[in-house]
Every structure is written in C-alpha cells, then in structure tokens.
Amino acid sequence: MAETAANIKKIRALIAAHKRWDLLFSLLGMLALMVGVLTFVALFGQMAVEGASRLSWDFFTNFPSRKPDQAGILSAWVGSTLVMLVTAATAVPLGVAAGIYLEEYAPRNWITDLIEINVTNLAGVPSIIYGLLALGLFVYGFGLGQSILTAGLTLGLLILPVVIVATREAIRAIPAAIREGAYALGATKWQTTADHILPYSLAGILTGVIIGMARAIGETAPVITIGALTFIAFLPSVPLTGDPPAGLFDWVMSPFTVMPIQMFNWTSRPEAAFHQNAAAAGLVLVVMTLSMNALAIYIRYRLRKNIKW
Amino acid sequence: MNSIPQAHRIYAVTENFVSDRLARRRLRHGKERVIEFVLFLAACVSVATTIGIVVILLKESFIFFQQVSLWDFLTDTQWTPLFADAHYGILPLLSGTLVSSAVALLVAIPLGTIIAIYLSEFAPFSVREVAKPFLEMLGGVPTIVYGYFALLFVTPLLQKIFPGLPGFNLLSAGMVMGIMIIPYVSSVSEDAMRAVPMALREGSYAMGATRFQTATRVVTPAAFSGIAAAYILGISRAVGETMILAVAAGMQPNLTWNPMEPAATITAYIVQVALGDLPHGSLAYQTIFAAGLALALVTLFFNVLGHMLRKRFRQAY
C-alpha cells in the first residue's frame with residue numbers, strides 16, 4: 001500500500017516535471033519573440049532619438065549638401081517616387097497577366113512547369129544579381145544608361161515573383177462555381193476572367209503589389225549596382241515645361257538617386273552630423289515601408305473576414 | 001409563284017443570321033487567342049529573366065577569365081583588383097561571406113526555430129494574431145536601415161563587451177543580419193509545422209505526451225523537410241545580403257575566419273566597385289561579374305541542396 005502511494009507520488013512528480021518543460025518552453029518562445037520586438041524597438045528608438053531633430057519641412061525640400069544641417073532628401077524622395085511609378089507600371093501588368101495565365105490558361109505541359117520553376121527560383125535570387133543583370137542588359141545592352149527607367153525596370157523584375165504569387169493565390173481562392181456559372185451563360189474564357197475572376201481577386205492582388213512595392217522602395221543594392229549617383233542636386237524635368245518644353249516622358253531617362261542610396265551615402269560618411277541625417281532619412285524610409293506593409297496586412301485581414309463564398 | 005421568293009428570303013435571312021453568328025464567334029475566338037498569347041508572353045518574362053541573368057553573368061565573366069586563369073581565381077589568397085599589383089583570388093571574399101552568414105545563422109536558426117515551434121504549438125490565438133504580422137514587418141524593414149543599426153548601434157554596444165572590436169566587423173553585421181532573417185526562417189518553418197496533420201498530435205497526446213514532447217518529438221520530425229527548406233532559405237538570404245555588410249563590415253577583402261575582424265563579402269565588393277567610377281570594359285570592372293557568378297553559384301548550390309532535402313525527407317500524409 002505504501003509502495004503504491006510512493007509510486008503515485010513519483011508519477012505525479014514526473015508529470016509535474018514534464019509540465020514544467022511546457023512552461024519553460026512557452027517562456028523561451030516569448031523570450032525569442034521579445035528579441036525581435038526589442039531589436040525593432042531599439043532600431044526605431046535609436047533612429048528617432050538621433051534623427052527627430054532633423055525632421056523638418058526643409059529636410060524634405062532641400063537638396064543634398066556638403067553642409068549636413070542644410071542637406072535634405074528632396075532629390076531622393078522624388079527619385080524614389082518616380083522609380084516606383086516605373087516599377088509599378090512594369091511589375092503590375094506583367095505579374096498579374098502571368099499569374100492569370102498560370103492559373104486560368106496554362107495547359108499541363110513542360111513549358112508551364114518551366115515557367116513555374118523559374119518563378120520560384122527567381123524569388124530566391126539575391127537582389128544584387130538583378131543589379132548585375134540590369135547593368136549588363138539595360139545599361140549597356142539596351143543603352144538605357146543609369147536612368148530612372150533602368151532602375152524601375154530592374155526593381156520591376158525583382159518584385160515580379162511577389163506579384164505573380166499573390167495573383168495566383170488570390171485567383172485560386174475563387175471557387176470553381178463562379179467560373180462554371182459564367183461559362184454556363186456562354187461567356188468566353190477571357191470574359192469570365194475579366195468580368196469575374198479579376199474583380200474578385202483584386203484585393204488579394206493589391207496586397208501582393210503593395211508588399212512588392214514596399215520591398216522595392218527599400219532595395220539599395222541593385223540600384224547602386226546599375227550605377228545610380230549618390231549626389232544629385234537637381235530634379236528630373238517636369239513634362240511640357242521649360243524651354244524647350246520637355247517631352248512627356250523625358251524624365252524616365254534622367255539620372256536620379258533614391259531614398260536608400262541617400263541614406264547609405266550619409267551612413268558611410270565619418271561625420272556624426274551626417275549620421276543624424278541618415279537617421280532621419282531612415283525614419284522616413286521605415287515609416288514608408290511599414291505603413292505599406294501594415295496596409296497590406298490590413299487589406300488581407302479584412303479580406304479574410306468579409307469574403308464568404 | 002409568290003412563295004418561292006418568300007422561301008428564298010427566309011432562307012437568306014437564316015443564312016445571314018447563322019453566318020453572322022459564326023463570324024462573330026470566329027472573331028471572338030480570334031480575340032481569345034490573341035489575349036491568351038499576350039498572357040503567355042507575360043508569363044515567359046520570368047524565363048527570359050533567368051536566361052538574361054545566366055547569359056550576362058557567363059558572357060561578362062568569360063571576358064574576365066580570358067585574362068585571369070580559373071586556377072588563380074580559386075586559389076589566390078588575395079583580392080586586390082583595384083591595386084597596381086592586382087590579385088584576383090575569390091577566397092578572401094568567400095571567407096567574408098561564409099563567416100558573416102555563419103554568424104547570422106547562429107542567431108537566426110535557434111531563434112527562428114523556437115519562435116516557429118512556439119507559434120505553431122504553444123501560443124494562444126491572440127499572441128499569434130499579433131506576432132505574425134509583427135514578424136512580417138520585421139522582415140519588411142529595408143536592409144540599409146539594418147546596416148545603419150549594425151554600424152551605429154550594435155557595434156558600439158559590442159565594443160563595450162569586447163573592447164578591442166574594430167568599428168567595422170563581421171560580428172555585428174552578422175548578428176543584425178540574423179535578426180533580419182528570423183522572419184523568413186520562422187514563417188516557413190511554422191507553415192510546415194501547421195501542415196502536420198492534427199491526428200499525429202492527437203495520437204501523441206493520447207499516449208500521455210506533454211505539449212513539449214509532442215512538439216519536439218512528433219511535430220518537428222514530421223515537418224523536418226519544411227524546416228530544412230526554411231533553413232536553406234535563410235542561408236541563401238544571408239549569402240546574398242548586401243547592404244548590412246557593405247555598411248557595417250567594412251569593404252577590405254580579408255582572408256579570415258574570425259568574425260571580430262573587418263572583411264569584405266562578395267556582395268559588398270560589387271557595391272564598392274559600382275560606387276566608384278571604373279571605366280566600363282576594364283578588367284577591374286569585369287571582376288564584379290565574376291564575383292557575381294561566384295555568388296550566383298553559391299546560392300544555386302544551396303537552393304539545389306534545399307530542393308534535394310525536401311525531396312528526400314518528404315513525408316506524405
């Protein structure tokens with residue numbers, strides 16, 4: 001009798017010990033998450049403390065300068081915006097079209113397999129390799145030079161897999177009954193796609209596009225590799241102004257700089273005053289990319305809640 | 001007399017009607033075919049990009065290897081293409097790349113795995129709902145910002161612990177890179193663990209196993225192929241990462257296995273040359289394509305390895 005009681009005690013102790021491991025691992029998991037949180041807080045806090053004093057209207061409207069307290073990010077944010085325009089104009093039509101083709105049209109054959117393998121692999125190619133591709137192909141092969149167009153095309157190719165994958169996932173979530181209904185009414189494949197599949201997958205595609213653009217706006221390496229300048233003290237010509245009037249698309253061939261390059265330039269200078277500028281530019285950059293990511297997450301969250309097929 | 005033209009007319013109308021519809025259908029089909037072809041071309045852009053990368057890297061490296069022998073490239077222990085006494089040995093760049101990646105993985109793999117197990121098996125729903133988007137955002141921070149953070153926050157912090165640490169070093173760059181990679185490792189691992197069927201967990205619980213035992217001895221082995229794929233993804237991210245290293249690790253090629261030293265990586269070297277204004281076509285300029293080819297081959301190696309691991313350990317449920 002006493003022996004059984006001792007045994008039960010031992011078993012209970014064993015169970016308690018095992019449960020302690022559960023608790024311990026839960027704590028460890030929280031701790032690991034906290035490392036991420038703390039890093040983020042430190043990163044954001046350090047930049048805010050360093051850079052907040054530099055964030056003023058002038059910072060956004062001044063060109064870069066040799067004097068740190070007069071330097072601003074005007075040419076950088078204008079450059080980033082224009083490059084993003086070209087990137088979106090490249091990646092969105094191509095990516096959505098490719099996604100539609102792979103999901104709705106593609107026959108099961110080796111060509112489709114080849115395309116799918118390529119999309120997967122391209123997502124894993126380091127971004128600097130895209131820079132080398134652009135350097136060899138766009139800058140010297142096509143003679144586009146170190147222009148906004150080259151940078152936009154490069155980043156467009158870089159985020160193409162993101163847009164394709166998001167488009168495919170959004171389309172795949174649409175039930176087959178929608179297609180069958182459209183076909184039953186005599187719609188052709190393209191009518192079904194354009195009038196039903198595309199509108200219903202729009203929110204999902206948008207999420208992917210925003211995430212892709214957020215990534216493109218922070219990309220530095222490929223843009224440096226194509227030879228973007230770090231010191232630009234002028235803006236691309238505004239269409240139809242000036243003398244003689246600039247053409248509608250003259251700005252795409254203009255030299256440029258972008259936000260991350262401006263930040264890189266300031267970070268790699270030895271003077272502490274420039275580091276403050278770098279912190280301020282980083283703050284702008286982080287707020288931009290994070291708000292884009294947050295928007296994408298919010299759209300996806302709404303989407304998950306609202307759509308019930 | 002009258003009925004023949006009447007019938008004729010009806011016939012003509014029907015014929016007209018039918019041929020009209022047929023014509024429209026043909027037009028419709030023609031349009032459909034054109035649209036399909038245009039969509040197909042868009043899908044082919046990804047293939048064209050791959051071909052473009054391979055052709056450009058091989059073509060430009062070929063020019064380089066006409067003047068520098070492959071043997072020198074692989075065995076010379078100095079990389080000084082910009083000096084008068086030029087040496088073209090990839091080893092110093094490779095060592096910098098491998099050491100920084102190793103430091104990053106020492107941070108990212110344990111933390112990423114623990115986070116993945118925690119989120120998949122332990123965390124309550126509310127924690128997961130907050131943690132997942134947060135991790136996604138951590139992965140969305142531009143790498144140049146991480147570079148700034150490594151150089152101006154982590155390095156000074158580390159210098160308090162290791163007083164002799166130089167201002168540029170692989171350690172702080174690697175550690176920050178590791179934090180950056182955590183979301184990639186954790187999200188792919190977690191997806192793999194959540195794909196493990198519930199029945200396996202239920203079986204384990206039914207045998208009296210605790211959560212921890214179920215997570216480490218049932219779910220993790222069952223999801224191993226996916227977790228391995230996540231690690232490989234992390235490795236190729238680390239190897240290809242550029243800006244953190246260009247900013248925080250210095251750009252001096254240095255054949256070392258010590259993370260406390262400054263060193264250049266393959267990617268940092270490419271950035272360094274692109275920042276300078278070397279004339280297009282000079283041998284020093286071609287070196288970046290040879291370095292790029294080496295980088296592409298290293299990442300290709302890891303991608304193929306990941307693919308094979310996944311195939312080898314795939315378990316079908």
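Domain bounds here come from an automatic or database domain assignment. With that in mind, let us walk through this predicted model, starting with chain B. The assignment splits chain B into domain 1 (3-67) and domain 2 (91-313). Taken over C-alpha atoms, the centres of domain 1 of chain B and domain 2 of chain B are 44 Å apart. The contact between them draws on six residues from domain 1 of chain B and eight residues from domain 2 of chain B. On the domain 1 side of that contact in chain B, you will find three nonpolar residues, two polar and one charged.

What does the secondary structure of chain B come to? The tally is twelve helices and zero strands, so if you trace the chain from the N terminus you meet one α element after another, in the order α-α-α-α-α-α-α-α-α-α-α-α. Of the 317 residues in chain B, 47% are buried. Sequence separation is worth a look too: among contacts in chain B between residues at least 6 apart in sequence, 73% link residues at least 24 apart.

Now bring in the partner chain. Here 69 residues of chain B are in contact with 66 residues of chain A. On the chain B side, helix H1 (residues 3-67) of chain B supplies the largest share, 20 residues. Sorted by class, that side of chain B has 46 nonpolar, 17 polar and six charged residues.

Next, turn to the nonpolar interior. The largest nonpolar core holds 184 residues, and the members that touch the most others are A:Val163, B:Ala150, B:Val176 and B:Ile244. Helix H3 (residues 91-122) of chain B contributes the most to this core, with 16 residues. Try picking out B:Val176 on your screen: beyond its neighbours within four places in sequence, B:Val176 is in contact with B:Tyr146, B:Phe149, B:Ala150, B:Val154 and B:Ile244. Two of these contacts, B:Ala150 and B:Ile244, also appear in the list of residues touching the most other core members.

Helix H3 of chain B is also where B:Ile114 is found. Is B:Ile114 buried or exposed? B:Ile114 counts as buried because 21 C-beta neighbours lie inside 10 Å, and the cut-off for buried is 20 or more. Setting aside residues up to four places away in sequence, B:Ile114 touches A:Leu28, A:Gly29 and A:Ala32. For a sense of distance, the C-alpha atoms of B:Ile114 and B:Thr299 are separated by 25 Å, with their positions 185 residues apart along the chain.

B:Thr299 comes up again when we cross to chain A. A:Pro126 lies in the loop between helix H4 (110-123) and helix H5 (127-141) of chain A. Leaving out neighbours within four places in sequence, A:Pro126 is in contact with B:Gly240, B:Thr267, B:Leu295 and B:Thr299. A:Pro126 is buried, because 25 other C-beta atoms lie within 10 Å. Within chain A, the C-alpha atoms of A:Pro126 and A:Leu158 are 32 residues apart along the chain and separated by 9.4 Å.

One more helix rounds off the tour. Helix H9 (residues 224-240) of chain B has 17 residues and spans 24 Å from its first C-alpha to its last, close to the 24 Å expected at 1.5 Å a residue. Why is H9(B) described as largely enclosed by the rest of the structure? The reason is that 15 of its 17 residues are buried.

Key. Residues numbered from 1 in each chain as written. Chains lettered and ligands numbered in written order. Predicted model: local features only at pLDDT ≥ 70, side-chain atom pairs only at ≥ 80, totals over all residues. Contact = placed C-beta atoms within 7 Å. Helix = DSSP H or I, 4+ residues; strand = E, 2+ residues; numbered from the N terminus. Nonpolar A, V, L, I, M, F, W, Y, C, P; charged D, E, K, R; others polar. Core = buried A, V, L, I, M, F, W, Y, C linked by C-beta atoms within 7 Å. Buried ≥ 20, exposed ≤ 12 C-beta atoms within 10 Å, placed from the backbone. Expected span 1.5 Å × (residues − 1).
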